[in-house]
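Q: Please give me a close look at one helix in this model. Cover its ends and its buried side, then set out the wider packing.

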Amino acid sequence: MKTNNKTNQKLQDSAIALLNLVLFFSASEKTEAQNSAKIVGIDHVGINVPDMNQAIGFFTDVLGFSPVTTLGPIPLDDTWKKTNHMQAATGPVTIKMVQAGTGANIELFEYKDNKGSTKHPGGDDIGASHIAFYTDDIKQSVDYLKSKGVQFLGEPFLMPSGDTEGESWVYFLTPWGSKMELVSYPNGKGYEKNKPAKLLWSPKNPLGKSNLSQNNTEILSESAIRSLVKEHLTIWNEKDLKKREALMKKVYADTIKMVESHFIVKGHSEINGFIDGLHKKNPNSRFSHIKAIDVNHNIARLYWQNGPSEKPDAVTGMDLFIFENGKVSRLYVFVDDKK
């Protein structure tokens with residue numbers, strides 16, 4: 001008995017789609033928590049300094065950062081001080097936000113007539129913290145900062161094993177005594193060898209995106225994935241073939257495979273031709289999403305409807321996207337049964 005290769009391929013692709021759906025829903029509780037919190041990332045790190053001019057001079061002249069915004073001096077009332085565990089006699093606060101290259105901003109606070117503690121917390125004290133700055137060349141950075149009179153707490157140490165294998169780091173002090181850090185891992189960290197589902201964010205990428213894992217799969221942010229899915233709808237609503245092709249290059253991988261229960265379409269050209277056929281058959285129909293786009297790591301799902309303005313939900317369904325290397329590599333299309 002001969003086996004139909006195309007039929008087998010469809011069955012395999014359908015099985016993969018179902019597996020991805022299982023993985024998607026198995027992490028639903030975590031996804032729901034992330035969506036409820038609505039936290040996208042770190043905006044800034046705040047630190048108190050004894051002398052704002054000294055701090056700004058250090059961050060600009062030594063580290064090369066840029067002050068952007070200023071507030072104050074702002075008088076603080078007694079209720080505010082009590083709520084924020086501050087000394088009653090402390091005076092107004094001045095705040096400056098510093099742009100620190102690729103990464104979170106740094107917010108500096110200076111309190112006039114500060115009556116709080118002037119002693120820095122020890123390394124093992126609750127509340128002790130530090131800011132770590134990434135460098136492509138830790139030796140060059142150390143040599144440069146030492147030439148500026150910066151005090152280091154030892155020499156760079158290279159992690160020999162474990163999750164941070166390949167990372168070099170060293171602590172240094174600001175002119176007012178705060179502990180900070182230089183860190184570098186130009187070839188990645190040890191944990192990436194295990195091809196984790198999630199990668200730590202890193203400023204080593206100038207676009208602020210995650211590093212690439214060993215299998216060269218980029219873990220996109222949720223906002224980036226949602227933006228690409230919206231562009232996907234734009235592609236399917238675009239009637240000009242050449243414009244669609246240009247948009248596809250931004251959103252779809254060259255080897256993209258679109259799998260539907262009755263057929264499989266591969267590559268930009270075949271998908272473009274399929275969309276062109278839809279427009280010719282239904283020139284007044286448009287695609288729109290029915291509810292919010294769901295994202296789980298490099299997988300997303302979009303519930304859509306298609307139809308003319310008088311009946312926009314003539315056809316409904318769901319698209320499941322698999323992202324690899326920043327683009328859609330697999331598109332699984334589920335069309336609902338007609339009502």
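A: Helices (H or I, at least four residues) and strands (E, at least two) are DSSP runs, numbered from the N terminus. The model is predicted, with local features needing pLDDT of at least 70 and side-chain atom pairs pLDDT 80 or more, while totals for chains, interfaces and linings use all residues. Residues are numbered from 1 along each chain as its sequence is written, and side-chain values use heavy atoms, leaving out hydrogens and water.

Take helix H3. This helix covers residues 52–62. Start at its N-terminal end. Asp51 is the cap there. One of the side-chain oxygens of Asp51 sits 3.0 Å from the backbone nitrogen of Asn53. Now go to the other end. Gly64 comes just after H3 and has a positive phi, about 80 degrees.

Next, the buried side (buried: under 20% relative accessible area, 1.4 Å probe, protein chains only). In H3, the buried residues are Met52, Ala55, Ile56, Phe58, Phe59 and Val62.

Now the wider fold. The protein has 8 helices and 16 strands. Of its 339 residues, 37% are buried. Take contacts (heavy atoms within 4.5 Å) with a separation of 6 or more. In that set, 51% join residues 24 or more positions apart.

Then the nonpolar cores, meaning sets of buried Ala, Val, Leu, Ile, Met, Phe, Trp, Tyr and Cys residues joined through side-chain atoms within 4.5 Å. The largest one holds 27 residues. Trp236, Tyr252, Ile271 and Phe323 have the most contacts inside this core. Helices and strands both build it. On the helix side, H6 (222–237), H7 (241–251) and H8 (267–281) each give two or more residues. On the strand side, S10 (252–260), S14 (299–307), S15 (315–324) and S16 (327–335) do likewise. H6 has the largest share of this core, with 6 residues.

Look at Ile271 within that packing. Set aside its neighbours within four places in sequence. Ile271 then touches Trp236, Met248, Tyr252, Ile256, Met258 and Val265. Another core lies apart from the largest one. This separate core has 26 residues, including Ile47, Leu63, Ile131 and Val150.

Back to H3 for a recap. Asp51 caps the start, six named positions from Met52 to Val62 are buried, and Gly64 follows with its positive phi.

Conventions:
Buried < 20%, exposed > 50% of the residue type's maximum accessible area, 1.4 Å probe, protein only. Polar contact = N/O pair within 3.5 Å; in protein donor to acceptor, adjacent residues only side chain to side chain.
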